[in-house]
Amino acid sequence: MEAAVIVKDLTKVYGETTAVDVVSFSVNQGEIFGLIGPDGAGKTSIFRVLTTLLLPDGGSATVDGFDVVKDYSQIRSRVGYMPGKFSLYQDLSVEENLNFFATLFNTTIKENYHLIKDIYVQLESFKTRRAGKLSGGMKQKLALCCALIHKPTVLFLDEPTTGVDPVSRKEFWEMLKQLKAQNITIVVSTPYMDEANLCDRIALIQGGKLLSVNTPGNIIKAYPDQLYAIKADNMHALLKILNGYDEVLASYAFGEFAHASFKNKAVDLEGVKSYLTKKDLTGLELKKTGATIEDSFIKLLKD
Amino acid sequence: MGETVIKTDKLTKRFGDFIAADEITFEVEKGEIFGFLGANGAGKTTAMRMLCGLSIPSSGSATIAGFDVYKQTEQIKRNIGYMSQKFSLYEDLTVIENIKFFGGIYGLTDLQIKTKSDELLHNLGLKQEAKKLVASLPLGWKQKLSFSVAVLHEPKIVFLDEPTGGVDPVTRRQFWDLIYNAADRGVTIFVTTHYMDEAEYCNRISLMVDGKIKALDTPRNLKNTFGVETMDEVFYKLARGAKRGD
């Protein structure tokens with residue numbers, strides 16, 4: 001089966017800034033592919049090239065087998081795109097916006113209603129409300145409906161969950177899972193590392209370069225060091241002490257614990273504990289722990 | 001008990017029939033890192049605006065650094081720092097121009113500004129970038145600079161509204177080092193975030209749902225109370241039933 005998206009040596013330059021720096025990856029049909037990285041990593045530029053809104057400065061890309069430069073009109077009629085910034089018509093109602101997008105793509109709400117049904121029912125009681133007057137969560141749902149109404153083969157979602165609270169983020173990912181079940185390929189970007197686990201495959205991106213492309217499971221498996229989770233009553237003191245501790249390879253805060261790896265693979269945990277106790281730390285807890293995507297990202301950034 | 005720097009009692013803000021903040025009551029001590037969490041639309045921004053002296057409450061009372069939120073809003077503004085992801089620095093000014101501008105706004109003398117800006121540029125390793133436009137800095141640097149500017153005048157309290165949104169995991173941690181250091185100097189930190197690991201770094205957390213404070217305790221006690229392992233689950237348990245969106 002041909003890949004839904006193929007990106008080869010893609011480069012995008014703005015003046016002196018190389019936003020996308022010789023990036024290559026491909027997205028299989030029907031998978032949820034995540035571009036994971038902070039603001040300014042180049043995610044939006046990649047999305048805009050793939051949706052034919054921006055011309056690349058180097059390299060090439062295809063979506064559904066169509067070239068992003070030559071075949072832009074075919075791509076535009078096939079893909080759905082939800083930009084990071086809300087870009088529906090604020091002065092049109094919920095229903096009018098949806099109708100407008102359906103009409104643009106020569107279809108009707110009725111024809112593809114099955115695709116948006118689960119999402120749209122949550123909006124139906126507001127269907128006469130102007131889009132500009134909707135809550136953030138509702139706007140996001142409407143934007144997703146509008147991106148879906150022409151039954152796209154590939155759906156591009158640029159940071160759909162940024163600034164969204166954890167409960168709404170969870171709900172949004174539930175919706176994506178249902179869309180995947182309908183065989184729509186989804187390319188989604190996010191700065192939240194915890195969302196990486198919800199993708200089939202991910203690309204970690206920073207400064208316009210890909211750090212790694214793989215399944216979340218394989219990225220975690222490739223983590224080279226044994227990590228330890230360490231807890232103390234005074235987190236700030238613990239972090240400072242770990243930072244200045246000779247035996248430590250890397251250490252940083254990780255929620256209620258600090259994560260640390262040690263230079264010596266056969267580290268003497270009792271020795272570590274007594275060192276930390278001598279530094280007046282109380283409430284110490286020390287245990288082995290597995291790496292997460294965020295640990296992998298930190299490791300890759302530091303290398 | 002330390003010195004109380006934020007004290008609210010049944011603080012309420014109504015917009016017509018809509019009660020954005022509904023009788024919120026809490027206290028924050030000097031040097032504390034206080035996490036102010038809630039779902040989108042729960043009323044966090046409204047509450048924060050009242051605490052910063054930018055919005056007059058409908059009822060209830062509050063004092064910020066000892067000043068009344070109804071009558072002493074100008075004194076409040078002089079004693080706090082504020083930073084949000086949406087607005088922080090002037091992109092078209094250079095790093096040093098921003099520092100001078102905000103130093104001036106906060107009423108520092110030229111000499112104080114000179115001393116403070118040298119110190120700030122040194123601490124952040126930004127000496128080489130002093131004459132660059134803020135627009136040209138990576139986001140993470142902007143956020144660190146913006147925080148340092150917000151505490152330039154050594155305010156009693158600094159309000160941080162989602163300061164780390166979209167920032168990479170390494171810079172996010174460097175940002176929290178700045179927060180810890182400020183707290184060690186006695187600056188009270190009042191912070192909102194959607195990152196639940198950051199909630200763990202706070203001394204205490206309040207969680208707002210539909211305008212009300214539904215829980216307020218240390219992260220450890222909250223997890224114990226709800227019988228869960230992570231702050232994410234605490235948030236989910238409390239906010240899942242929220243009726244309001246933003």
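**Fold of chain B, the strand 7 region of chain A and the interface between the chains**

Of the 246 residues in chain B, 48% are buried. The structure is a predicted model, and the values reported here are computed from it. Chain B comprises 9 helices and 10 strands. The C-alpha trace of chain B extends over about 50 × 40 × 35 Å along its principal axes. For a chain of 246 residues, a compact globule would be expected to have a radius of gyration near 18 Å; the value for chain B is 18 Å, and the two therefore agree. Among the contacts in chain B with a separation of 6 or more, 68% link residues that are 24 or more positions apart.

In chain A, strand 7 is paired with two other strands. With strand 6 (residues 79-82), strand 7 of chain A pairs in the parallel sense over 4 bridges, and in this pairing A:Gly80 is placed opposite A:Leu155. Strand 7 and strand 8 of chain A likewise run parallel and are joined by 4 bridges; here A:Phe156 faces A:Val187 of strand 8. The connection from strand 7 to strand 8 of chain A passes through helix 6, forming a right-handed β-α-β crossover. The side chains of strand 7 alternate in direction: A:Val154 and A:Phe156 point one way, whereas A:Leu155 and A:Leu157 point the other way, and all are buried.

Helix 6 of chain A, the connecting element of this crossover, covers residues 166-181. At 1.5 Å a residue, its 16 residues should span 22 Å, and the end C-alpha atoms lie 23 Å apart, in agreement with that expectation. The buried residues of helix 6 are A:Pro166, A:Val167, A:Ser168, A:Arg169, A:Phe172, A:Leu176 and A:Leu179. The later part of this list can be read against helical periodicity: an α-helix has 3.6 residues a turn, so residues three or four places apart point the same way. Within chain A, the buried residues of helix 6 pack against strand 3 (32-36), helix 5 (136-148), strand 7 (154-157) and strand 8 (185-190). The buried residues of helix 6 also pack against helix 7 (196-200) and helix 9 (231-239) of chain B. Helix 6 is followed by A:Asn183, which has a positive phi near 75°.

The interface between the chains brings 28 residues of chain A into contact with 28 residues of chain B. On the side of chain A that touches chain B, at least two residues each are supplied by helix 5, helix 6, helix 8 (235-243), strand 12 (248-254) and helix 10 (293-302). Helix 10 of chain A provides the largest share of that side, with 4 residues. Divided by class, the side of chain A that touches chain B consists of 14 nonpolar, 10 polar and 4 charged residues.

Further positive phi values occur elsewhere in chain A. Most residues other than glycine have a negative phi. A:Val22, with a phi near 50°, has a positive value and lies in strand 2 (residues 17-27) of chain A. A:Val22 counts as partly exposed because it has 14 C-beta neighbours inside 10 Å. A:Thr52 also has a positive phi, near 65°, and is located in the loop between helix 1 (43-50) and strand 4 (58-63) of chain A. With 21 other C-beta atoms within 10 Å, A:Thr52 is buried.

Technical notes
Residues numbered from 1 in each chain as written. Chains lettered and ligands numbered in written order. Predicted model: local features only at pLDDT ≥ 70, side-chain atom pairs only at ≥ 80, totals over all residues. Buried ≥ 20, exposed ≤ 12 C-beta atoms within 10 Å, placed from the backbone. Expected span 1.5 Å × (residues − 1). Contact = placed C-beta atoms within 7 Å. Nonpolar A, V, L, I, M, F, W, Y, C, P; charged D, E, K, R; others polar. Rg over C-alpha atoms; globule rule 2.2 N^0.38 Å. Pairing = 2+ DSSP bridges. Right-handed = clockwise from strand over helix to strand, strands pointing away.
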